[in-house]
Amino acid sequence: MRRVAAIDCGTNSVRLLIADVSGDDLTDVERRMEIVRLGQDVDRTGRLAPEALERTFTAMRGYAKLIREHAAGEEVPVRVVATSATRDAANRADFVTGVREIFGVEPEVVSGDEEARLSFTGATRGLARAGAAAETPYLVVDIGGGSTEFVVGSRSVEGALSVDIGCVRLTERHLRADPPADGDVTAAVADIEAAMDRVEEHVPVRTARTLVGLAGSVTTVAGIALDLPAYDPTRIHHSRIPAERVHEVSARLLRMTHDERAAIPVMHPGRVDVIGAGALILDRIVRRYDFAEVVVSEHDILDGIAWSLTA
């Protein structure tokens, strides 16, 4: 058995997984998430805001403390992966320096393709064993804050592409009104469709038999569709949400005000203002590729990072 620590720093959240790995089993020791909005205004300014960096570093200092506590005197390998917002930022060296000081390791600002492959590994490694999805190939979609990764594969990746549509990016571009105007939603849909045009040029998405959805937008939509009284990852993980419910929840979220969305029992406060865009991305994927349902996974790039430390 080996204990590892994985940190995923995305556009909207920074997450930690401390896990024990033995053979094909990965057991959580700690799984944490903080909404830090590192990608605040990056789409407009091209830079990481000082206050966004400080929010991120504050969360990371807490994670470093947890890693030390769970190390029990042993050396725990740590991998820090940063994705869309940091890739796009002119001042990403400030982020790299801060992370190095906190964890003592160099953060990896991974490419969109590498992000997609890590997400695929994290999402699918336990799928067959769990019996959650029998038909392959899978189309794994990881809807993040700044980007969405599309990955097709069965036991390994057959095609992958990361495109710049994410819940934070689309909200800042188009869905600033509360609730958004019809014309703004139409503009967001046009962005999503254009991105999927690019995906189809590089990834065999139409060969996929099972849609697997990852990350906070998808799991929140699932929690709403399941009418959960509170966020429950054990009920959300490997749930199957029919296409009709995805469409209903997406349309409902785009009609609601901020306060109405905040009152939803499964809603994390940090997702209230961007969930409409995230749900819209999922809705358009389901519609375009005519999937009857989405299989929801709580395991994603974070788990893929953890698995990579055992290679």
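Select strand 2 (residues 13–22) and strand 3 (residues 25–35) to begin: these strands run antiparallel and are joined by 10 bridges. The model on display is a predicted one. Within this pair, valine 21 lies opposite leucine 26 of strand 3. The hairpin that strand 2 and strand 3 form has 2 residues between the strands, and glycine 23 adopts a positive phi near 60 degrees there.

Next, select helix 2, residues 50–71. This helix has 22 residues and spans 31 Å from its first C-alpha to its last, close to the 32 Å expected at 1.5 Å a residue. Display the side chains of its buried residues: Ala52, Leu53, Thr56, Phe57, Ala59, Met60, Tyr63, Ala64, Leu66, Ile67 and Ala71. An α-helix has 3.6 residues a turn, so residues three or four places apart point the same way. Against what do the buried residues of helix 2 pack? Their partners are strand 1 (2–9), strand 2, strand 3, strand 4 (78–82) and helix 4 (92–103). Before leaving this region, select alanine 72, just after helix 2, where phi is positive at about 50 degrees.

Proceed to helix 5 (residues 112–124) together with helix 14 (residues 301–308). Two packed helices are described by the angle between their axes and the distance between the axes. Here the axes come within 6 Å and cross at roughly 90 degrees, which means that helix 5 is roughly perpendicular to helix 14. To view the contact, select Glu115, Leu118, Ser119, Thr121 and Gly122 on helix 5, then Ile301, Asp303, Gly304, Ile305, Trp307 and Ser308 on helix 14. The residues of this contact between helix 5 and helix 14 comprise 4 nonpolar, 5 polar and 2 charged.

The open sheet is the next stop. In what order do its 6 strands lie? The order is 8-7-6-9-11-10, with mixed pairing. Strand 8 (157–163) and strand 10 are the edge strands, each pairing on one side only. From one strand to the next, the twist averages 25 degrees. At the strand 10 edge, zoom in on the pairing with strand 11, which is antiparallel and extends over 3 bridges; proline 242 stands opposite glutamate 293 of strand 11.

Now add the helices that pack on this sheet. Helix 8 touches strand 7 (148–153) and strand 8, and its direction makes about 155 degrees with that of strand 8. Helix 11 touches strand 10 and strand 11, and its direction makes about 75 degrees with that of strand 10.

Keep helix 11 (residues 243–255) selected. Its 13 residues reach 19 Å from first C-alpha to last, close to the 18 Å expected at 1.5 Å a residue. Its buried residues are Ala243, Val246, His247, Val249, Ser250, Leu253 and Leu254. The elements covering these buried residues of helix 11 include helix 8 (182–202), helix 9 (215–225), strand 10 (240–242), helix 12 (258–262), helix 13 (275–289) and strand 11 (293–297).

The tour ends at a single residue, threonine 171, located in helix 7 (residues 167–173). Is threonine 171 buried or exposed? Threonine 171 counts as buried because its relative accessibility is 11%, and the cut-off for buried is under 20%. Select its contacts last: leaving aside neighbours within four places in sequence, threonine 171 is in contact with Arg176, Asp273, Val274 and Ala277.

Note on methods. Residues numbered from 1 in each chain as written. Predicted model: local features only at pLDDT ≥ 70, side-chain atom pairs only at ≥ 80, totals over all residues. Heavy atoms only, no water. Axes fitted to C-alpha atoms, helices over the stretch in contact; angles between N-to-C directions. Helix = DSSP H or I, 4+ residues; strand = E, 2+ residues; numbered from the N terminus. Parallel < 35°, antiparallel > 145°, perpendicular 65-115°, else oblique. Contact = heavy atoms within 4.5 Å. Nonpolar A, V, L, I, M, F, W, Y, C, P; charged D, E, K, R; others polar. Expected span 1.5 Å × (residues − 1). Buried < 20%, exposed > 50% of the residue type's maximum accessible area, 1.4 Å probe, protein only. Pairing = 2+ DSSP bridges.
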